[in-house]
Amino acid sequence: MTTLSPENSLSARQSASFILGLHPFVRTEAWKFLTGYFSWQSSQDERLTVDSTRRKNYKALCEMYEKIQPLLENLHRNFIETRNNITHDIQKLYDKDPLGNVLIDKKRLEKILLLSYVCNTQAEYQQGFHEMVMLFQLMVEHDHETFWLFQFFLQKTEHSCVLNIGVGKNLDMLSTLITFLDPVFAEHLKGKGAGAVQSLFPWFCLCFQPAFKSFDDVWRLWEVLLSGKPCRNFQVLVAYSMLQMVREQVLQESMGGDDILLACNNLIDLDADELISAACVVYAELIQKDVPQILKDFFL
């Protein structure tokens, strides 16, 4: 790759992560490039400087939070409610492996989530963020890395998992995609299955985390989303592929909305590579057609 121009080198590295996936031994460092924590063209010395700056900035944010916390408690009712929600969600996390070893530090996780809520006004805390940030904490060693990786992940994926920003758009585009590629299924979903698609918002809010059998599968899909390959908003093609898994059953049994949702919720222990491949097939089918402008703008 050193023989390539910077632009082609960047494209090659991103494409490689999409096609082959990341080996677990390099995942921690590679994610810092995929998210934008580090520049692809940076030297080792530059990366040391950037990491030091991010560490200092995180420390400064923590100190700011400690100073304004009493003010937030007294003047912002939403702050106390959100803090209680975060505490409640974290307590429900199972923090040990099968051998009883502690996997995560819940106090540190709570601090990162509260800081993210206070500092990131675009992405208010929502149920599920605790599970996402937990995966970042499992990946890296330091709190400042966990915090910034989460922020950069949200930015790089265009806040597609945030309820008040990207989730509604994802659901609308999913309905449009079904109508375009599978009119028969779309007709059923608009009739007897009305409301089913809009009820699939947890898929996007959790970035499909509950559907997979391992953390490695979750990271594998997230790496594809970060790579931007083969297209923008790949998460909607993933959701379409998952719906196709229950399509035959839904039509044969003429399921209503609640039963469709139940069937979709039963899609668990999926293999990330198989699901990614299925979504790529949908993309290949899509680009062979005369795609409506609304889908072109969203995917292409």
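This is a chat about a predicted model and one of its helices.

Colleague: Anything I should know before I look?

Modeller: The model is predicted, so local features need pLDDT of at least 70 and side-chain atom pairs count only at pLDDT 80 or more, while totals for chains, interfaces and linings use all residues. Residues are numbered from 1 along each chain as its sequence is written, and side-chain values use heavy atoms, with hydrogens and water left out.

Colleague: How many helices and strands are there in the protein?

Modeller: The protein has 15 helices and 0 strands. Both are DSSP runs numbered from the N terminus: helices are H or I with at least four residues, strands are E with at least two.

Colleague: What about α12, how far does it reach?

Modeller: Helix α12 covers residues 234-252 and reaches 28 Å from first C-alpha to last, close to the expected 27 Å. The expected span is 1.5 Å times one less than the number of residues.

Colleague: Where is the kink in α12 centred?

Modeller: On Val 246, with a kink of about 45°. The bend at a residue is the angle between axes fitted to the seven residues ending there and the seven starting there.

Colleague: Is Val 246 buried or exposed?

Modeller: Val 246 is buried. Buried means under 20% relative accessible area, exposed over 50%, partly exposed in between (1.4 Å probe, protein chains only).

Colleague: New topic. How many disulfides does a search of the whole structure find?

Modeller: The search finds 0, a disulfide being a pair of cysteine sulfur atoms within 2.5 Å. For Cys 161, the nearest cysteine sulfur is that of Cys 207, 4.4 Å away. Cys 161 is buried, at 0% relative accessible area.
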